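Please look over the structure shown here before reading on. The paragraphs that follow walk through it step by step.

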Amino acid sequence: MYIKNRKLHEIMGNLKLIWKEPLLLLSILTIFYFLITFVMFPIFQVFKASLIVNHKLDFSNYLAIFSKRYYYQPFFNSMIVGVYTATLGMIIGFVFAYALTRTPLPFKNFFRLTATFPIISPPFVVALSAILLFGRAGTLTPYLNKIIGNYTIYGLGGLVLVETIAYAPTAFLVLYGILQAIDPSLEEAAMDLGASRLKVFSTITLPLSTPGIASAWLLVFIQSLADFGNPMVIAGNYRVLSVQAYLQIAGMYDTSRGATLAILLFIPTIVAFFIQKYWVAQKSYITVTGKPTGSTIKRLEWYIKLPVYSSCLIFTAIVFLFYGTIVYGSFQTLWGVNPTLTIKHYIEMFQVAKDYILDSLTLSSLATPIAGILGIFISFLVIRKKFIGRGAMEFISMLTFAVPGTVVGIGYILAFNQKTMLLPFIITGTAWIIIILLVFRNMPVGIRAGIAALQQIDPSIEEASTDLGADSSTTFRRITLPMIAPAFFSGLAYNFVKAMTAISAVIFVVSGKWNLITVAILGFVDNSRYAQAAAMCNLLIVIVLVALGVIQLVVNRIGKGVRTIDIIG
Amino acid sequence: MKQDFLLLKDLVKIFGSGKEAVTAVDKVNLAVKEGELITLLGPSGCGKTTILRMISGFELPTSGKIFIDGEEVTNTPPNQRPTTMVFQNYALFPHMSVLENITYGLKIHRKKEKNIQERAEKIINLVGLRGLELRSPAQLSGGQQQRVSLARSLIMEPKVLLLDEPLSNLDAKMRESTRLEIRKLQQRISITSIYVTHDQEEAMTLSDRIVIMNAGKIQQIGTPQEIYHYPLNYFVADFIGKANFLVGRITKKHSKNLVELEVNGIFLRVYIKQDTFQEGEKVFLLIRPESIELEPKKPNTLLGKVQQTIYLGSRLIYKIEMADTILTVEIGDPQEHKIFLEGEIVSVNFKEENLRLLPYEEIKK
């Protein structure tokens, strides 16, 4: 009874505190309104569309999906691709992370940059390149035909190949963080007690990084399931959920069937996300302190160096091959037929696709700062403020990170093509729906950056400000914000990259009036106009690199000595 | 007892190359007797940890040789050396229990299960970890973690035990009691040990002999008493304990062991241990603060002015202004002495038998 009373007392106390700061209360309510309208409501609409037919609860969609191979096969296909990609990606990521943290590999920065490059490129570039290299008119196809006979790049093999290249960097970043956080003196201690290099690895390094390995696997699995661009380009007759859901809606105009497929995609993704976030992450022995760890054992036997180094070299060579092909391909007159170099694709690109480029730039530039500010503000509320519903706020805002773009896209067209109590306007077909979608899809990046930055700042600094008479908003503006500015800008950079390269969700909400560069590229690929597609990919990569460079300059200027926050995972 | 149980010969370690090359360890020679505990003492960056890491095998010397029990181990990998290390941060395996941590090395060496159990039993009793075997390191206090780390190393019965500032993560009180325990334990099992620290009190209480290091070079090797009472140079005298230095000149050599010295116009007789000084040579006169007595002003004595009086209960510290230097004077048990006031002029007496001469050198401050 006493405890209950105390708890109640505490809640009342918190309420009182909030009443005294009406601005804080107002912002909390506003954010909840946004989260409910633009995150929860669309997902709810997808569920509703799959379960309610003619205003009645109806399981016929699910019955159809479980009884017809045409519908349930994509589920298994997606899972198979996910498992293969996650496993391969995790292994590559681990080898890379091990090489960079535990060996005297030369040119470490070069390898790190190459290993993370696919993260900032549009998701389907790798698939496009795979077609140029291994497709019917592929450069390497004749040679491969001689070795392994006839094959096709379209299908499971090709899809796993390109997704592995595209998502291994995610695994790398997670494992790099984990391996870096393992104190090298643990490995030294083991070796000191007589363990050989192999024993040190199997009894110390591997068990300590197991939670990280599981995390990396699950994150790649989630990304692979949610991937739309690559399977759209290269899956061929191998049907996966994200593409099938899109085709049901965009091709067959069967919204409820599409929604049901989206739900099938939603469930395993969200399960994997929860396992990752609430189970695996808590099993970790490593407290990531952000402190760089000291030197590691420098002597290394050749039988470790050889496989590790050559794996790194091979993967790096593949990354170069794939992206080099995109550059090279964009200058060829007709790939595989007429290799004369030309710049006509670039000229054509600016003529035909000028509007797409401008739209992409405009909408991304508008969405990015909103997502950034919202993200940093939510992270501030979640980490530093006590209020009822704080847990819910964190939960909902991180949810958008896990939900596949296909589900979100379908949710948005279902939720916003009518006036509702939550939003008394129709925004379908306008620029607003794209901006809002980009904002809420990418916001978790800003939240993560903000949380990471805030956790490194001693709360007593903010308390000192309050103690000297500043209220919450003044403290936030004058004290907190300047300190987390570098994290804010890093988050902004990645937000912009994600906005520019987004495809899986936005493809549902683009319109004749407002369209995006990624959608245009996909269109070119669909029409087998690979050179133009390659040219646009290059333009997109250049834009993204320039944006990253500019923001990096800003961060360097304002945040001397402040660590940039890793923004993936 | 073997004399050269651990032997370092002309050990050199250079980090980096070209312009960025840093000589961390510079021609170090050291012979450690079996069962002896030697501390490497010096300021941070003096090369003491690098020496330890070369003995353990984690760093390879640039040149020079290392012998343990007559066998050269210079290039032996760390896992094949008869040494074990107690790490500064303990480096306990977080995914293993206390018992698993302690028995890790024996399991790696594929010892029989029965043997492992017996030895674990013994060592757990020895370091006082009974009842905590199944805990994980995270559930232990700092002192307990330290014991696990020690037990994990000792159970291997290494020929040389290496300790890398093992007490630096403990609070002051724990540090004091633990270092006595370590010393007792080390003497009981008479294990040859190399102990790295930057804490002079720790080195004084623990060591059979102390190796004072600075800038990669050994400055002096000796017992705690030798180091304190007969420092070889300014650095050692300054680093160990408190010291006053006056610049003087040798005016006369009475014999091999007795010289006459002029300091600020006053002549003093000083005993020297080794005949290394010449007549007319400029020298440092070392006076420990406890070797100075103050008396009310008297003629024909060194005079000084009391600048500051610091009362510490068991001791009394005076800062005495004398010519162009400030002397620190320490008086034990202030109750038995007259306390001088700030500004008072006093006579300064040196206990002549406690004065030491050191070669003069330019001091960069």
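**A buried helix and its surroundings**

The buried residues of α9(A) pack against α4 (69–102) and α10 of chain A, and also against α1 (48–56), β6 (83–86), α2 (98–108) and α4 (142–154) of chain B. Helix α9 of chain A spans residues 184–192 and is mostly covered, since nine of its nine residues are buried. The buried residues in α9(A) are P184(A), S185(A), L186(A), E187(A), E188(A), A189(A), A190(A), M191(A) and D192(A).

This picture comes from a predicted model, and its confidence scores deserve a look before going further. The model scores ipTM 0.80 and pTM 0.83. Chain A averages a pLDDT of 86, with 93% of the residues scoring at least 70. Over residues 288–294 of chain A, however, the pLDDT is below 50, and this stretch has seven contacts in the model beyond near neighbours in sequence. Residues 561–569 of chain A also stay under 50 in pLDDT, and for them the model has 24 contacts beyond four places in sequence. For chain B the mean pLDDT is 90, and 99% of its residues reach 70 or more.

We turn next to empty space inside the model. Rolling a probe the size of a water molecule over the atoms shows where empty space is left. The count comes to five cavities of 30 Å³ or more, and about 810 Å³ of space lies in the largest cavity. Of the 39 residues that line the largest cavity, Y167(A), Q223(A), R441(A), Y494(A) and K498(A) are the closest to its centre. The elements that give two or more residues to this lining belong to chain A, and they are α5 (108–120), α8 (156–181), α10 (197–226), α17 (390–402), α19 (431–455) and α21 (472–501). Helix α10 of chain A is thus named twice in this account, as it contributes to the lining of the largest cavity and is also among the elements against which the buried residues of α9(A) pack.

Elsewhere in chain A, residue F44(A) is found in helix α2, which covers residues 22–51. F44(A) counts as partly exposed because its relative accessible area is 48%, a value that lies between the 20% under which a residue is buried and the 50% over which it is exposed. Along the sequence F44(A) and L414(A) are 370 residues apart, whereas in space they are 9.7 Å apart, C-alpha to C-alpha.

Chain B can now be taken as a whole. The secondary structure of chain B comes to eight helices and 20 strands, and its C-alpha atoms fill a box of roughly 80 × 45 × 40 Å along the principal axes. Of the 365 residues of chain B, 48% count as buried. Among contacts in chain B between residues at least 6 apart in sequence, 66% join residues at least 24 apart.

Within chain B, strand β16 (residues 302–311) has two pairings to follow. With strand β19 (residues 345–350) of chain B, β16(B) pairs in the antiparallel sense over four bridges, and here L302(B) stands opposite V348(B) in β19(B). Six bridges join β16(B) to strand β17 (residues 315–322) of chain B, and these two strands also run antiparallel, with Y311(B) standing opposite L316(B) in β17(B). The hairpin of β16(B) and β17(B) has three residues between the strands, and in this hairpin G313(B) takes a positive phi near 85°.

Backbone angles of this kind lead to two further residues of chain B. Most residues other than glycine have a negative phi. Phi of D69(B) is nevertheless positive, near 50°, and D69(B) lies in the loop between β4 (63–68) and β5 (71–72) of chain B. E157(B), which is not a glycine either, has a positive phi of about 45° and lies in the loop between α4 and β7 (160–164) of chain B. How exposed are D69(B) and E157(B)? D69(B) is partly exposed, with a relative accessible area of 25%, while E157(B) is exposed, its relative accessible area being 52%.

Cysteines close the tour. The count of disulfides over all chains comes to zero. C312(A) counts as buried because its relative accessibility is 0%, and C46(B) is buried as well, with a relative accessible area of 1%.

Key:
Residues are numbered from 1 along each chain as its sequence is written. Chains are lettered from A and ligands numbered from 1 in the order in which they are written. This is a predicted model: local features need pLDDT of at least 70, side-chain atom pairs count only at pLDDT 80 or more; totals for chains, interfaces and linings use all residues. Side-chain values use heavy atoms; hydrogens and water are left out. A disulfide is a pair of cysteine sulfur atoms within 2.5 Å. Buried means under 20% relative accessible area, exposed over 50%, partly exposed in between (1.4 Å probe, protein chains only). Two strands pair if DSSP finds at least two bridges between them. pLDDT is the predictor's confidence in each residue, from 0 to 100. Contact means heavy atoms within 4.5 Å. On a 1 Å grid over the protein atoms alone, a cavity is a set of points where a 1.4 Å probe fits but cannot get out, and a pocket is an open set with protein on both sides within 12 Å along at least five of seven lines; lining residues have an atom within 4 Å of a point. Grid points are joined across faces, edges and corners, and a volume is the space filled by probe spheres set on the points.
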